[in-house]
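Reader: Before we discuss any particulars, could you set the model in front of us and walk me through its overall fold and its interior?

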Amino acid sequence: MQASTVGQSVAWGKVILFGEHAVVHGHPAIAFPLPQVGLTATATPSPGPLWLTVDIYDGPLASAPPMLAPLRATIIATLDLIGREPRNLHVTCIGDFPLERGLGSSAAGAASIVNAIADLTGDDLSRPVRHSLVQTGERVAHGNPSGLDAYTVLSRSPIWFQDGQAENIEVNLGAPIVVADSGQPGDTHSAVGAVTAMMRTNPEEVAGYFATIRDHTVAARENLLKDERATLGRRMNEVHEALRSLSVSSPHLDQLVYSAREAGALGAKLTGGGRGGCIIALARDAQHGQDLARSMEQAGALQTWILNPEEFEK
Ligand code: PMV
(Lines give C-alpha, C1' and ligand atoms only; values in the text may rest on other atoms or scores of the structure.)
Protein backbone atom coordinates (compact mmCIF):
# COMPACT_ATOMS: atom_id res chain seq x y z
CA MET A 1 0.00 0.00 0.00
CA GLN A 2 1.14 3.55 -0.83
CA ALA A 3 1.42 5.99 2.11
CA SER A 4 -0.67 9.22 1.89
CA THR A 5 -0.01 12.71 3.23
CA VAL A 6 -3.37 12.57 5.02
CA GLY A 7 -5.03 9.29 5.91
CA GLN A 8 -8.81 9.28 5.66
CA SER A 9 -11.62 6.79 6.16
CA VAL A 10 -15.32 6.52 6.92
CA ALA A 11 -17.56 4.16 8.92
CA TRP A 12 -21.28 4.21 9.58
CA GLY A 13 -23.94 3.04 11.96
CA LYS A 14 -25.62 -0.32 12.40
CA VAL A 15 -28.86 -1.69 13.74
CA ILE A 16 -29.24 -5.18 15.11
CA LEU A 17 -32.43 -6.76 13.76
CA PHE A 18 -32.24 -9.96 15.74
CA GLY A 19 -29.89 -11.53 18.26
CA GLU A 20 -28.52 -8.76 20.48
CA HIS A 21 -27.26 -10.04 23.83
CA ALA A 22 -27.72 -13.69 22.77
CA VAL A 23 -24.88 -13.09 20.27
CA VAL A 24 -22.48 -12.35 23.13
CA HIS A 25 -23.04 -15.96 24.28
CA GLY A 26 -22.47 -17.69 20.95
CA HIS A 27 -25.92 -17.40 19.32
CA PRO A 28 -26.43 -15.90 15.85
CA ALA A 29 -27.44 -12.32 15.08
CA ILE A 30 -28.55 -10.33 12.05
CA ALA A 31 -27.47 -6.70 11.65
CA PHE A 32 -27.99 -4.05 8.96
CA PRO A 33 -25.66 -1.15 8.18
CA LEU A 34 -27.23 2.26 8.87
CA PRO A 35 -25.51 4.53 6.33
CA GLN A 36 -27.61 7.55 7.37
CA VAL A 37 -25.31 8.12 10.35
CA GLY A 38 -21.58 8.21 9.75
CA LEU A 39 -18.14 9.26 10.88
CA THR A 40 -15.12 10.44 8.94
CA ALA A 41 -11.67 9.97 10.47
CA THR A 42 -8.40 11.57 9.37
CA ALA A 43 -4.81 10.96 10.44
CA THR A 44 -2.27 13.72 9.71
CA PRO A 45 1.42 14.02 10.68
CA SER A 46 1.72 16.85 13.21
CA PRO A 47 4.66 17.64 15.51
CA GLY A 48 4.05 17.25 19.23
CA PRO A 49 1.93 14.97 21.38
CA LEU A 50 -0.59 12.60 19.85
CA TRP A 51 -3.62 14.85 19.35
CA LEU A 52 -7.28 13.85 19.14
CA THR A 53 -10.15 15.92 17.76
CA VAL A 54 -13.66 14.48 18.07
CA ASP A 55 -17.09 16.12 18.46
CA ILE A 56 -16.76 16.24 22.24
CA TYR A 57 -12.99 16.82 22.72
CA ASP A 58 -9.98 18.53 21.16
CA GLY A 59 -6.67 17.95 22.93
CA PRO A 60 -3.84 15.54 23.67
CA LEU A 61 -4.98 11.91 23.51
CA ALA A 62 -3.33 11.28 26.89
CA SER A 63 -5.72 13.77 28.59
CA ALA A 64 -8.92 12.64 26.81
CA PRO A 65 -11.95 12.08 29.12
CA PRO A 66 -12.84 8.53 30.26
CA MET A 67 -15.64 8.33 27.68
CA LEU A 68 -12.93 8.27 25.00
CA ALA A 69 -10.92 5.46 26.64
CA PRO A 70 -12.09 2.92 24.00
CA LEU A 71 -10.86 5.09 21.13
CA ARG A 72 -7.64 5.72 22.97
CA ALA A 73 -7.05 1.98 23.42
CA THR A 74 -7.61 1.35 19.71
CA ILE A 75 -5.32 4.21 18.61
CA ILE A 76 -2.48 3.09 20.92
CA ALA A 77 -2.88 -0.56 19.85
CA THR A 78 -2.83 0.43 16.16
CA LEU A 79 0.34 2.54 16.47
CA ASP A 80 1.96 -0.18 18.54
CA LEU A 81 1.16 -2.82 15.94
CA ILE A 82 2.62 -0.80 13.07
CA GLY A 83 5.67 0.18 15.13
CA ARG A 84 5.03 3.93 15.45
CA GLU A 85 5.64 6.12 18.50
CA PRO A 86 2.43 7.59 19.99
CA ARG A 87 3.32 11.19 18.99
CA ASN A 88 3.62 13.47 15.96
CA LEU A 89 0.13 12.57 14.80
CA HIS A 90 -3.23 14.34 14.74
CA VAL A 91 -6.28 12.05 14.59
CA THR A 92 -9.75 13.46 13.96
CA CYS A 93 -13.09 11.67 13.97
CA ILE A 94 -16.16 13.78 13.24
CA GLY A 95 -19.71 12.96 12.21
CA ASP A 96 -23.41 13.08 12.86
CA PHE A 97 -23.45 9.99 15.02
CA PRO A 98 -25.59 10.04 18.17
CA LEU A 99 -23.49 8.52 20.97
CA GLU A 100 -24.67 5.72 23.27
CA ARG A 101 -27.79 4.93 21.25
CA GLY A 102 -27.02 1.30 20.35
CA LEU A 103 -26.08 2.34 16.81
CA GLY A 104 -22.43 1.29 17.05
CA SER A 105 -20.76 4.67 17.59
CA SER A 106 -17.79 3.24 19.51
CA ALA A 107 -17.06 0.59 16.86
CA ALA A 108 -17.55 3.06 14.01
CA GLY A 109 -15.17 5.56 15.63
CA ALA A 110 -12.52 2.92 16.19
CA ALA A 111 -12.90 1.34 12.73
CA SER A 112 -12.67 4.66 10.89
CA ILE A 113 -9.57 5.67 12.89
CA VAL A 114 -7.76 2.34 12.34
CA ASN A 115 -8.38 2.66 8.61
CA ALA A 116 -7.34 6.33 8.50
CA ILE A 117 -4.04 5.55 10.26
CA ALA A 118 -3.37 2.61 7.91
CA ASP A 119 -4.23 4.88 4.96
CA LEU A 120 -1.67 7.43 6.18
CA THR A 121 1.16 4.98 6.82
CA GLY A 122 0.47 2.64 3.91
CA ASP A 123 0.42 -0.40 6.20
CA ASP A 124 -1.50 -3.22 4.60
CA LEU A 125 -3.50 -4.49 7.58
CA SER A 126 -5.68 -7.53 6.92
CA ARG A 127 -9.40 -7.48 7.73
CA PRO A 128 -8.98 -9.74 10.80
CA VAL A 129 -6.17 -7.52 12.11
CA ARG A 130 -8.29 -4.36 11.68
CA HIS A 131 -11.19 -6.14 13.35
CA SER A 132 -9.08 -7.13 16.33
CA LEU A 133 -7.84 -3.52 16.73
CA VAL A 134 -11.45 -2.31 16.84
CA GLN A 135 -12.24 -5.07 19.34
CA THR A 136 -9.44 -3.74 21.61
CA GLY A 137 -11.48 -0.55 22.04
CA GLU A 138 -14.81 -2.38 22.18
CA ARG A 139 -13.52 -4.45 25.11
CA VAL A 140 -12.81 -1.22 26.99
CA ALA A 141 -16.29 0.10 25.99
CA HIS A 142 -18.33 -2.86 27.09
CA GLY A 143 -16.27 -5.67 28.48
CA ASN A 144 -17.20 -8.65 26.36
CA PRO A 145 -18.12 -7.53 22.82
CA SER A 146 -19.36 -10.14 20.38
CA GLY A 147 -17.57 -8.46 17.44
CA LEU A 148 -20.78 -7.93 15.48
CA ASP A 149 -20.61 -4.12 15.58
CA ALA A 150 -17.00 -4.07 14.40
CA TYR A 151 -18.01 -5.89 11.20
CA THR A 152 -21.29 -4.15 10.46
CA VAL A 153 -19.96 -0.57 10.70
CA LEU A 154 -17.75 -1.30 7.68
CA SER A 155 -20.21 -3.41 5.69
CA ARG A 156 -22.47 -2.26 2.85
CA SER A 157 -24.59 -5.40 3.15
CA PRO A 158 -26.66 -7.10 5.86
CA ILE A 159 -24.60 -9.35 8.11
CA TRP A 160 -25.17 -12.76 9.68
CA PHE A 161 -22.83 -13.13 12.64
CA GLN A 162 -21.99 -15.99 14.98
CA ASP A 163 -18.95 -16.99 17.03
CA GLY A 164 -16.76 -14.24 15.64
CA GLN A 165 -17.57 -15.06 11.99
CA ALA A 166 -19.48 -12.69 9.72
CA GLU A 167 -21.09 -13.38 6.36
CA ASN A 168 -23.22 -11.24 4.05
CA ILE A 169 -26.82 -12.36 3.65
CA GLU A 170 -29.39 -11.75 0.93
CA VAL A 171 -32.28 -9.52 1.96
CA ASN A 172 -35.28 -8.86 -0.29
CA LEU A 173 -37.39 -7.01 2.22
CA GLY A 174 -39.59 -4.56 0.30
CA ALA A 175 -40.60 -2.43 3.30
CA PRO A 176 -38.51 0.07 5.27
CA ILE A 177 -37.41 -0.14 8.88
CA VAL A 178 -37.85 2.97 10.97
CA VAL A 179 -35.15 3.57 13.56
CA ALA A 180 -36.37 5.81 16.40
CA ASP A 181 -34.06 7.37 18.98
CA SER A 182 -35.53 7.47 22.48
CA GLY A 183 -33.16 10.34 23.28
CA GLN A 184 -31.98 8.48 26.36
CA PRO A 185 -28.42 7.14 26.44
CA GLY A 186 -28.22 3.38 26.44
CA ASP A 187 -25.87 1.45 28.69
CA THR A 188 -24.51 -1.55 26.84
CA HIS A 189 -21.88 -2.24 29.48
CA SER A 190 -24.37 -2.57 32.34
CA ALA A 191 -26.93 -4.39 30.18
CA VAL A 192 -24.39 -7.03 29.04
CA GLY A 193 -23.23 -7.39 32.67
CA ALA A 194 -26.82 -7.80 33.93
CA VAL A 195 -27.56 -10.57 31.43
CA THR A 196 -24.35 -12.37 32.36
CA ALA A 197 -25.23 -12.05 36.06
CA MET A 198 -28.73 -13.40 35.38
CA MET A 199 -27.16 -16.38 33.60
CA ARG A 200 -25.46 -17.25 36.88
CA THR A 201 -28.53 -16.86 39.09
CA ASN A 202 -31.23 -18.19 36.68
CA PRO A 203 -29.40 -20.29 34.09
CA GLU A 204 -32.42 -22.23 32.83
CA GLU A 205 -34.61 -19.19 32.46
CA VAL A 206 -31.93 -17.29 30.54
CA ALA A 207 -31.21 -20.32 28.34
CA GLY A 208 -34.92 -20.31 27.47
CA TYR A 209 -34.87 -16.62 26.42
CA PHE A 210 -31.71 -17.17 24.38
CA ALA A 211 -33.32 -20.18 22.66
CA THR A 212 -36.36 -18.03 21.78
CA ILE A 213 -34.12 -15.29 20.36
CA ARG A 214 -31.99 -17.82 18.47
CA ASP A 215 -35.00 -19.57 16.90
CA HIS A 216 -36.46 -16.25 15.71
CA THR A 217 -33.07 -15.15 14.37
CA VAL A 218 -32.60 -18.35 12.36
CA ALA A 219 -36.13 -18.19 10.95
CA ALA A 220 -35.89 -14.45 10.26
CA ARG A 221 -33.02 -15.03 7.83
CA GLU A 222 -35.43 -16.96 5.60
CA ASN A 223 -38.19 -14.36 6.10
CA LEU A 224 -35.80 -11.60 5.00
CA LEU A 225 -34.88 -13.54 1.88
CA LYS A 226 -38.51 -14.13 0.95
CA ASP A 227 -39.91 -10.74 2.04
CA GLU A 228 -42.25 -12.36 4.58
CA ARG A 229 -42.90 -9.07 6.38
CA ALA A 230 -45.83 -9.97 8.59
CA THR A 231 -44.00 -12.99 10.03
CA LEU A 232 -40.86 -10.94 10.50
CA GLY A 233 -42.83 -8.29 12.39
CA ARG A 234 -44.31 -10.90 14.73
CA ARG A 235 -40.82 -12.23 15.42
CA MET A 236 -39.60 -8.71 16.27
CA ASN A 237 -42.43 -8.35 18.81
CA GLU A 238 -41.60 -11.67 20.42
CA VAL A 239 -37.90 -10.94 20.61
CA HIS A 240 -38.65 -7.61 22.28
CA GLU A 241 -40.54 -9.51 24.99
CA ALA A 242 -37.57 -11.85 25.50
CA LEU A 243 -35.23 -8.84 25.78
CA ARG A 244 -37.60 -7.25 28.31
CA SER A 245 -37.44 -10.44 30.35
CA LEU A 246 -33.66 -10.22 30.21
CA SER A 247 -34.00 -6.75 31.83
CA VAL A 248 -32.41 -4.81 28.97
CA SER A 249 -35.41 -2.70 27.94
CA SER A 250 -36.59 0.47 29.69
CA PRO A 251 -40.01 2.11 30.20
CA HIS A 252 -39.13 4.66 27.53
CA LEU A 253 -38.14 2.00 24.98
CA ASP A 254 -41.26 -0.03 25.76
CA GLN A 255 -43.45 3.03 25.27
CA LEU A 256 -41.88 3.72 21.85
CA VAL A 257 -42.27 0.06 20.86
CA TYR A 258 -45.97 0.07 21.82
CA SER A 259 -46.54 3.40 20.05
CA ALA A 260 -44.97 1.95 16.88
CA ARG A 261 -47.33 -1.02 17.00
CA GLU A 262 -50.31 1.28 17.55
CA ALA A 263 -49.19 3.26 14.51
CA GLY A 264 -49.49 0.08 12.44
CA ALA A 265 -45.92 -1.26 12.51
CA LEU A 266 -45.78 -4.95 11.59
CA GLY A 267 -43.43 -5.36 14.54
CA ALA A 268 -41.13 -3.36 16.79
CA LYS A 269 -38.32 -4.03 19.23
CA LEU A 270 -35.37 -2.38 20.92
CA THR A 271 -32.07 -2.57 19.05
CA GLY A 272 -28.52 -2.84 20.42
CA GLY A 273 -27.48 -2.97 24.04
CA GLY A 274 -30.71 -1.41 25.35
CA ARG A 275 -31.60 0.32 28.64
CA GLY A 276 -31.98 3.42 26.45
CA GLY A 277 -30.96 4.06 22.87
CA CYS A 278 -33.13 3.17 19.90
CA ILE A 279 -35.98 0.98 18.76
CA ILE A 280 -36.64 -0.38 15.26
CA ALA A 281 -40.10 -0.74 13.73
CA LEU A 282 -41.02 -2.55 10.51
CA ALA A 283 -43.31 -0.54 8.24
CA ARG A 284 -45.90 -2.09 5.91
CA ASP A 285 -44.53 -0.31 2.80
CA ALA A 286 -42.61 2.79 1.72
CA GLN A 287 -45.48 5.26 2.34
CA HIS A 288 -46.18 3.73 5.72
CA GLY A 289 -42.47 4.13 6.56
CA GLN A 290 -42.83 7.93 6.23
CA ASP A 291 -46.03 7.95 8.32
CA LEU A 292 -44.52 5.68 10.93
CA ALA A 293 -41.45 7.91 11.31
CA ARG A 294 -43.75 10.91 11.88
CA SER A 295 -45.82 8.97 14.42
CA MET A 296 -42.65 7.97 16.29
CA GLU A 297 -41.58 11.61 16.53
CA GLN A 298 -45.04 12.55 17.81
CA ALA A 299 -44.72 9.73 20.36
CA GLY A 300 -41.52 11.33 21.71
CA ALA A 301 -38.66 10.01 19.56
CA LEU A 302 -35.83 12.54 19.44
CA GLN A 303 -35.09 11.66 15.82
CA THR A 304 -35.83 8.93 13.30
CA TRP A 305 -34.11 7.37 10.29
CA ILE A 306 -35.77 5.37 7.55
CA LEU A 307 -33.70 2.38 6.52
CA ASN A 308 -34.56 1.05 3.10
CA PRO A 309 -33.19 -2.50 2.67
CA GLU A 310 -33.55 -2.21 -1.12
CA GLU A 311 -30.54 0.16 -1.05
CA PHE A 312 -28.10 -2.41 0.36
CA GLU A 313 -25.38 -3.85 -1.84
CA LYS A 314 -26.33 -7.34 -2.99
O1 PMV B 1 -25.28 -1.08 22.02
P2 PMV B 1 -24.34 -1.52 20.94
O3 PMV B 1 -24.44 -0.75 19.69
O4 PMV B 1 -22.92 -1.53 21.43
O5 PMV B 1 -24.73 -3.03 20.59
C6 PMV B 1 -24.51 -4.03 21.56
C7 PMV B 1 -24.99 -5.38 21.09
C8 PMV B 1 -24.82 -6.48 22.15
O9 PMV B 1 -25.26 -7.70 21.56
C10 PMV B 1 -25.68 -6.19 23.36
C11 PMV B 1 -23.38 -6.61 22.60
C12 PMV B 1 -22.44 -7.23 21.58
O13 PMV B 1 -21.24 -7.17 21.83
O14 PMV B 1 -22.89 -7.83 20.57
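**Overall fold and interior**

Author: The protein chain has 9 helices and 11 strands, taken as DSSP runs numbered from the N terminus (helices H or I, at least four residues; strands E, at least two). This is a predicted model, in which local features need pLDDT of at least 70 and side-chain atom pairs count only at pLDDT 80 or more, while totals for chains, interfaces and linings use all residues. Residues are numbered from 1 along each chain as its sequence is written, and side-chain values use heavy atoms, with hydrogens and water left out.

Reader: Why is the protein chain described as being as compact as a globular protein of that length?

Author: The globule rule is 2.2 Å times the number of residues to the power 0.38, and the radius of gyration is taken over C-alpha atoms. For 314 residues the rule gives 20 Å, and the chain is as compact as a globular protein of that length because its radius of gyration is close to that, at 19 Å.

Reader: Which helix supplies the largest share of the largest nonpolar core?

Author: A nonpolar core is a set of buried Ala, Val, Leu, Ile, Met, Phe, Trp, Tyr and Cys residues joined through side-chain atoms within 4.5 Å, where buried means under 20% relative accessible area (1.4 Å probe, protein chains only). The largest one has 88 residues, and those with the most contacts (heavy atoms within 4.5 Å) inside it include I75 and I117. Its largest share, 10 residues, comes from helix α2 (residues 105-121).

Reader: How many residues does the second, separate core have?

Author: This separate core includes V23, A29, A31 and F161, and its number of residues is 8.

Terms used: Buried means under 20% relative accessible area, exposed over 50%, partly exposed in between (1.4 Å probe, protein chains only).
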